[in-house]
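This report goes through one protein model, from its sheet to its helices, its largest pocket and a few single residues. Please read it with the sequence and coordinates at hand.

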Amino acid sequence: MHKPLQRFMLGVLVFFPLTFFVWYVTAAFHLAPVTLLSELVLNGVVPDALMWLRLDGYTLVVASNFGHDAVGQVVSPPVGEDVLGFHLNPLIYSYSLPLVAALILATPGQDKWLNLLWGILLVLPAEVFSMVSSVLKTLTFDVGHAFQVQQGISQLGVDAIALGYQVGTLLLPMIVPLIVWVGLNRAFIVRLAPQLEQVFR
């Protein structure tokens, strides 16, 4: 095993606990732009379905535009203050941020801090996709039929929302940091594996 690869792997092991700790204690700050952008997207994709999205620490609070009527049926808009609300945990799909930070910080190079800034910006769309998918899944399955009727969502649409949720929570948080890291550190990767030089041309 080459020494640069050994140093890189050791660096990832050292930096990941640190970046994970910073990511956890600053969740209310780095999740704020994700929440704002997700609310804008959702208001465009499913108008009249949400009242608002808010952060309570690292918990995402979703206030839907649905509630129960006098006979217990789910209706929109809600009757009085009886609003269907949900508490979601966005940390389950936003760990791409400390992962990409650890990978970048462990990579030697003069542009490390610039790459870190780019890495944070480039994972943002994936985080927004994951949060939007999580809220859509909650509205589709927890609010249920009333939401589907309001938005005219077919069974195919329900299946697509379920798939988007799986992709946004299981795949993107792991795959996107690796793609971003590779894109920002091609020279280092070619140094480790010169045979890949043709791939990056």
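The text below describes selected features of this predicted model.

**The sheet**

Three strands make up an open sheet, ordered β1-β2-β5, with antiparallel pairing. At its edges are β1 (50–56) and β5, each of which pairs on one side only. From one strand to the next, the twist averages 20°. In general, strands of a sheet pair through backbone hydrogen bonds, in either a parallel or an antiparallel sense.

β1 and β2 are antiparallel and are joined by six bridges. One bridge pair consists of Arg54 and its partner Val61 in β2. The two strands form a hairpin with two residues between them, and Gly57 in the turn has a positive phi of about 70°. On the other pairing, β2 (residues 59–64) meets β5 in the antiparallel sense over four bridges. There, Val62 stands opposite Phe86 of β5.

Two helices lie across strands of this sheet. α2 lies across β1 and β2 and runs at about 170° to β1. α4 lies across β1, β2 and β5, and its angle to β5 is about 135°.

**Helix α3 and the pocket**

How many residues of α3 are buried? The helix is mostly covered, with 10 of its 10 residues buried. Among them are Leu97, Ala101 and Ile104. The cover over the buried residues of α3 includes α1, α2, α4 and α6 (155–184).

The largest pocket holds about 340 Å³ of space. Its lining consists of 18 residues, and Val22, Trp23, Leu97, Ala101 and Ile120 lie nearest the pocket centre. By class, the lining has 14 nonpolar, three polar and one charged residues. At least two lining residues come from each of α1 (3–25), α2 (27–45), α3 (96–105) and α4. Leu97 and Ala101 are thus named both among the buried residues of α3 and among those nearest the centre of the pocket.

**Single residues**

Three residues are set side by side here.

| Residue | Place | Relative accessible area |
|---|---|---|
| Asn115 | helix α4 (residues 112–143) | 12%, buried |
| Ser94 | loop between β5 (85–88) and α3 | 1%, buried |
| Asp48 | loop between α2 and β1 | 56%, exposed |

Why does Asn115 count as buried? Its relative accessible area is 12%, and buried means under 20%. Leaving out residues up to four places away in sequence, Asn115 touches Ile104, Leu184 and Asn185. Ile104 is itself one of the buried residues of α3.

Ser94 is also buried, because its relative accessible area of 1% falls under the 20% cut-off. Neighbours within four places in sequence aside, Ser94 is in contact with Trp23, His30, Leu31 and Glu127. Of these contacts, Trp23 is also one of the residues nearest the centre of the largest pocket.

Asp48 is classed as exposed because 56% is over the 50% cut-off. Asp48 has a positive phi of about 70° although it is not a glycine.

The remaining feature is a cis peptide bond between Ser76 and Pro77, with omega about 0°. Pro77 is located in the loop between β4 (74–75) and β5. As background to these two backbone features, most residues other than glycine have a negative phi, and most peptide bonds are trans.

Terms used
Residues are numbered from 1 along each chain as its sequence is written. This is a predicted model: local features need pLDDT of at least 70, side-chain atom pairs count only at pLDDT 80 or more; totals for chains, interfaces and linings use all residues. Side-chain values use heavy atoms; hydrogens and water are left out. Buried means under 20% relative accessible area, exposed over 50%, partly exposed in between (1.4 Å probe, protein chains only). Contact means heavy atoms within 4.5 Å. On a 1 Å grid over the protein atoms alone, a cavity is a set of points where a 1.4 Å probe fits but cannot get out, and a pocket is an open set with protein on both sides within 12 Å along at least five of seven lines; lining residues have an atom within 4 Å of a point. Grid points are joined across faces, edges and corners, and a volume is the space filled by probe spheres set on the points. Ala, Val, Leu, Ile, Met, Phe, Trp, Tyr, Cys and Pro count as nonpolar, Asp, Glu, Lys and Arg as charged, and the others, Gly among them, as polar. Two strands pair if DSSP finds at least two bridges between them. Axes are lines fitted to C-alpha atoms, for helices over the stretch in contact, and angles run from 0 to 180 degrees between N-to-C directions.
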